[in-house]
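I set out to look up how the chains are arranged and what holds at their contacts. The entries below follow the order in which I looked.

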Amino acid sequence: MFTAPMKVYALAATIVGLHMLILALWTGTVRTRKKVFVNPEDAKISNGTTAESDHPDVLRVKRAHQNLLENAIPFFGIGLLFAATNPSVNAARVYCFTFVGARLLHTVFYLLGKQPFRTLMFATGVLTTFGMAYHVLRAALG
Amino acid sequence: MFTAPMKVYALAATIVGLHMLILALWTGTVRTRKKVFVNPEDAKISNGTTAESDHPDVLRVKRAHQNLLENAIPFFGIGLLFAATNPSVNAARVYCFTFVGARLLHTVFYLLGKQPFRTLMFATGVLTTFGMAYHVLRAALG
Amino acid sequence: MFTAPMKVYALAATIVGLHMLILALWTGTVRTRKKVFVNPEDAKISNGTTAESDHPDVLRVKRAHQNLLENAIPFFGIGLLFAATNPSVNAARVYCFTFVGARLLHTVFYLLGKQPFRTLMFATGVLTTFGMAYHVLRAALG
């Protein structure tokens, strides 16, 4: 049902979507371990304490998660259109899998606090999205 | 123009999109009622006060909204691809409408501070997205 | 490869995606200039200081960025489906380019702190999305 480049995008987008959900679940896991909660109803059910903001370790996971959201939204929007321009399978693989790999490594480097590697992975993800945007613009304006 | 399962996804995605916009409008409504603003230009125009962060009631709406964003993005990405794999209408209905219902209830339970119901609805939404991801992966790798 | 209304959506969605990435890059630029960082590893690499939250100027860019995310997600989801209902090119242009223009101006007005212009642009973006949602619902339920 999918063209060959759409299969590549579908695989990549699904991995990015699952990556996002796993980070959401990880936020909850770290929060439950640290037992510091913003919502009083969560503190009550988990025998934890309430605070104005999450534990610093939770905030780090949330920043990694937020950065993924901010980059995944353009990827979902632009990547799908790129795959629909019927590019070569190799081009689709290079763009999509570089994006997926860069974002997975970005999360690892964020959680471990490793710089400048985290910023390099962020930049790689942005560049692949810019590349796909170029192809979509050519098809949309052509 | 839409296949039968795509109609189901289109209906579900539109409800999720509208749900998101209504929560954004609700954030602004609660903020204007509480008259506490982060932006000085907003405080001025509404005769309110400026603070470092929003009123706790506004922050609760924003957390509910943010949780919806985090789960809607994978749904938009994966759900569309799932509908494009041409599943049975019944499968599309079960996955998509369960997701929509779980997210609507999640918002209600978040705003009312009801646990463990909120977490159960979150988990239900994640599981339906995992289910759709399984079908997309099978089609993308098959 | 794209139908005429899909070309309009593809152009609009790519501009919105690039707008989002440019705001992400702008957040980093302002943060590096202000030399106040939340992550200790970032403060170290840039010879800056660490603080519990970002500099107020960075927080303003982040609020503009977050508002774009919250509105771009429904646009990506609903706008694509709208374009797939095969509307007239003129309808697609009016909806999509009004959304793009309103969001670009929203960012400008947010960064400059101009009210009520910012709220007007926000409302314009929401209304165009509601309009596209109406067409999708008609096609999905028809």
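**Entry 1. Chain B against chain A**

How much area do chain B and chain A bury between them, and what part of it is on carbon and sulfur atoms? I note first that the model is predicted. I find about 2400 Å² buried between chain B and chain A, with 75% of it on carbon and sulfur atoms. I then looked up which residues of chain B supply the most of that side: B:E70, B:I73 and B:L81 give 22% of the area that chain B buries against chain A, more than any other three residues. For the contact itself I counted 30 residues from chain B and 26 residues from chain A.

I turned next to the charged and polar pairs. Between chain B and chain A I find three salt bridges. I examined the pair B:R60 and A:E41, whose side chains meet in a salt bridge at 2.7 Å, N to O. Across this interface the rule also gives seven residue pairs in polar contact, with both residues at pLDDT 80 or more.

Which elements of chain B each supply at least two residues of the side that touches chain A? I recorded α3 (56-84) and α5 (117-141) of chain B. The largest share, twelve residues, comes from α3(B). I sorted the residues on this side of chain B by class and obtained 17 nonpolar, nine polar and four charged.

**Entry 2. Chain C against chain A**

I repeated the search for chain C. Here 26 residues of chain C are in contact with 30 residues of chain A. The two chains bury about 2400 Å² between them, and carbon and sulfur atoms give 74% of that area. On the side of chain C, I find that C:F2, C:L21 and C:E41 lose the most area to chain A, together 23% of what that side buries.

How many salt bridges does the rule find across the interface of chain C and chain A? It finds three. I looked up the pair A:R118 and C:E41, whose side chains form a salt bridge at 3.6 Å, N to O. I note that this distance lies inside the 4 Å cut-off for a salt bridge. For polar contacts between chain C and chain A, I count seven residue pairs, both residues being at pLDDT 80 or more.

The elements giving two or more residues to the side of chain C that touches chain A are α1 (4-34), α2 (40-45) and α3 (56-84) of chain C. I find that α1(C) gives the most, with twelve residues. By class, this side of chain C has 18 nonpolar, five polar and three charged residues.

**Entry 3. Relation between the copies**

I next superposed the chains. Chain C can be laid on chain A with an RMSD of 0.0 Å by a turn of 120 degrees and a shift of 0.0 Å along the axis. I recorded this as the relation of a three-fold axis. Which C-alpha of chain C is nearest the axis? It is that of C:I73, 4.1 Å from the axis. The copies use different surfaces, since 12% of the contact residues of chain C recur in chain A.

For chain B, a rotation of 120 degrees with 0.0 Å of shift along its axis superposes the chain on chain A, with an RMSD of 0.0 Å. In chain B, I find the C-alpha of B:I73 nearest the axis, 4.0 Å from it. Here too the copies use different surfaces: 10% of the contact residues of chain B recur in chain A.

**Entry 4. Pairs within chain A**

I closed with pairs inside one chain. Over all chains I count 18 salt bridges. In the pair A:R31 and A:D54, the closest N and O atoms are 2.9 Å apart. This salt bridge links distant parts of the chain: A:R31 lies in helix α1 (residues 4-34) of chain A, and A:D54 in the loop between β2 (49-50) and α3 of chain A, 23 residues apart.

I also count 15 aromatic pairs over all chains. Why is the pair A:F82 and A:Y95 classed as edge-to-face? The ring centres are 5.2 Å apart and the planes stand at 80 degrees, so the pair is edge-to-face. I placed A:F82 in helix α3 (residues 56-84) and A:Y95 in helix α4 (residues 89-112) of chain A, 13 residues apart.

Conventions
Residues are numbered from 1 along each chain as its sequence is written. Chains are lettered from A and ligands numbered from 1 in the order in which they are written. This is a predicted model: local features need pLDDT of at least 70, side-chain atom pairs count only at pLDDT 80 or more; totals for chains, interfaces and linings use all residues. Side-chain values use heavy atoms; hydrogens and water are left out. Contact means heavy atoms within 4.5 Å. Buried area is the accessible area (1.4 Å probe) that two parts lose on being put together, summed over both. A polar contact is a pair of N or O atoms within 3.5 Å; within protein, one must be able to donate a hydrogen and the other to accept it, and residues adjacent in sequence count only if both atoms are side-chain atoms. Helices (H or I, at least four residues) and strands (E, at least two) are DSSP runs, numbered from the N terminus. Ala, Val, Leu, Ile, Met, Phe, Trp, Tyr, Cys and Pro count as nonpolar, Asp, Glu, Lys and Arg as charged, and the others, Gly among them, as polar. Copies are superposed by least squares on the C-alpha atoms of residues with pLDDT of at least 70 in both. Rings of Phe, Tyr and Trp (its six-membered ring) pair if their centres lie within 6.5 Å; planes under 30 degrees apart count as stacked, over 60 as edge-to-face and the rest as tilted.
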